[in-house]
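Please open the model in your viewer and keep the sequence panel beside it. The stops below are meant to be selected one after another.

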Amino acid sequence: MIKQTIRVLGALGLGLALVSDVVAGGGIAGTVTFTDGPQKRRTLKLAADPVCASKHTEAVKSEALLVGEGNAMQNVFVYVSKGLEGKTFDVPAEPAVLDQQGCLYAPRVMGVMAGQKIKILNNDGTLHNVHPKPKINKEFNLAMPKFMKVKEVSLDKPEVMIPVKCDVHPWMSGHIGVLTHPYHSVTGSVGTYNLADLPAGSYTLTAWHEVFGSKSQDVTVSDGGSVTADFAFALADLKKK
Ligand SMILES: [Cu+2]
């Protein structure tokens, strides 16, 4: 939008002086791959709660490692881990949403800003007990009986990552990353992430996966520039963890 405005003003011959205080920013985008390809996935024992089992027509497999076409790695949390110290950013007014669908967390991995509201939904018609296990934030234990469809919480301190478990359904597993800035992204089924409108500068970018740990690389972003930063994980990373 800002870039567009600059372009329009330029075309009108109005010069950039009018918008000289606008920082255009740059972007970082990339793909995360798992070079050893898809691995065998364990079948989850959802039958322990017939309500959970009834929500699925097929066997439900573990989502701890999801590798798609072209070795695309899903559910990798990519974020700026260094370089934004001392800068402040508005906390989004929109809450993040953590749903419980068929007794699985959706999304399984998510990022929020410290203090941002998180809306936790329960449309499963069964009891869930949302139980994050933070090391820095305050632990809470939220029982959501089947009639409780929504509850709002927030995590106030930066912490990457906070595991979330359900005390009723042991296979339920999620992770929330809490940051002081909005530059985070989670890879989807094609393994891509995108961080837009970063102030120009040098940063450390970190990619985190729940099984394979973290990898970092340094990137420099210029105004209006776009940087590509890809990450690759492999089975061998398990030993390094
Ligand atoms: Cu549950």
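Begin by selecting Cys103, which in this predicted model counts as buried because its relative accessibility is 0%, under the 20% cut-off. Cys103 sits in the loop between β3 and β4, and its phi is near 60 degrees, a positive value in a residue other than glycine. Most residues other than glycine have a negative phi.

From Cys103, extend the selection to the strands on either side of its loop. Strand β3 (residues 96–100) and β4 run antiparallel and are joined by two bridges, and within β4 it is Ala106 that stands opposite Asp99. Both strands belong to an open sheet of four strands with mixed pairing, in the order β4-β3-β6-β9. The edge strands of this sheet are β4 (105–106) and β9 (150–154), each of which pairs on one side only.

Stay with Ala106 and display the backbone that follows. Ala106 and Pro107 are joined by a cis peptide bond, with omega about 0 degrees, and Pro107 is found in the loop between β4 and β5 (109–113). A cis peptide bond also joins Val160 and Met161, where omega is about -10 degrees, and Met161 is found in strand β10.

Next, centre the view on the copper ion. Which residues coordinate the copper ion, and through which atoms? The donors are His128 (ND1), Cys166 (SG), His169 (ND1) and Met172 (SD), at 2.0 to 2.7 Å. Along the chain these donors follow the spacing H-x37-C-x2-H-x2-M. Because His128 lies in strand β7 and Cys166 in strand β10 (residues 159–166), the pair ties together parts that are 38 residues apart in sequence. Why is the arrangement around the copper ion irregular? The four donor atoms subtend angles of 93 to 136 degrees, and since a tetrahedral assignment requires all angles to lie between 85 and 135 degrees, the arrangement counts as irregular.

Now select His128 alone, in strand β7 (residues 128–132), and show its surroundings. His128 is buried, with a relative accessible area of 0%, and Cys166 is buried as well. The side chain of His128 makes a polar contact of 2.8 Å with that of Asp124 and another, at 3.2 Å, with the side chain of His169. Leaving aside neighbours within four places in sequence, the residues in contact with His128 include Cys103, where the tour began, together with Gln100, Asn122, Leu142 and Met144.

Move on to Trp171, in the loop between β10 and β11 (173–179). Is Trp171 buried or exposed? Trp171 is buried, because its relative accessible area of 12% is under 20%. Beyond its neighbours within four places in sequence, Trp171 is in contact with Leu44, Lys45, Leu46, Ala48, Cys52, Cys103 and Leu104. The C-alpha atoms of Trp171 and Leu44 are separated by 6.7 Å, although the two residues are 127 residues apart along the chain.

For the last local stop, select Asn71 in the loop between α2 (50–54) and β2 (77–82). Asn71 has a positive phi, near 65 degrees, in a residue other than glycine, and with a relative accessible area of 25% it is partly exposed.

Finally, zoom out to the whole chain, whose secondary structure comes to three helices and 17 strands. Of its 241 residues, 44% are buried, and among contacts with a separation of 6 or more, 63% are between residues 24 or more positions apart.

Notes
Residues are numbered from 1 along each chain as its sequence is written. This is a predicted model: local features need pLDDT of at least 70, side-chain atom pairs count only at pLDDT 80 or more; totals for chains, interfaces and linings use all residues. Side-chain values use heavy atoms; hydrogens and water are left out. Buried means under 20% relative accessible area, exposed over 50%, partly exposed in between (1.4 Å probe, protein chains only). Contact means heavy atoms within 4.5 Å. A polar contact is a pair of N or O atoms within 3.5 Å; within protein, one must be able to donate a hydrogen and the other to accept it, and residues adjacent in sequence count only if both atoms are side-chain atoms. Donors are N, O and S atoms within 2.8 Å of the metal (3.2 Å for Na, K and Ca); water is not among the atoms, so sites may look incomplete. Four donors count as tetrahedral if all angles lie between 85 and 135 degrees; four count as square planar and six as octahedral if opposite donors are over 155 degrees apart and all others between 65 and 115; anything else is irregular. Two strands pair if DSSP finds at least two bridges between them.
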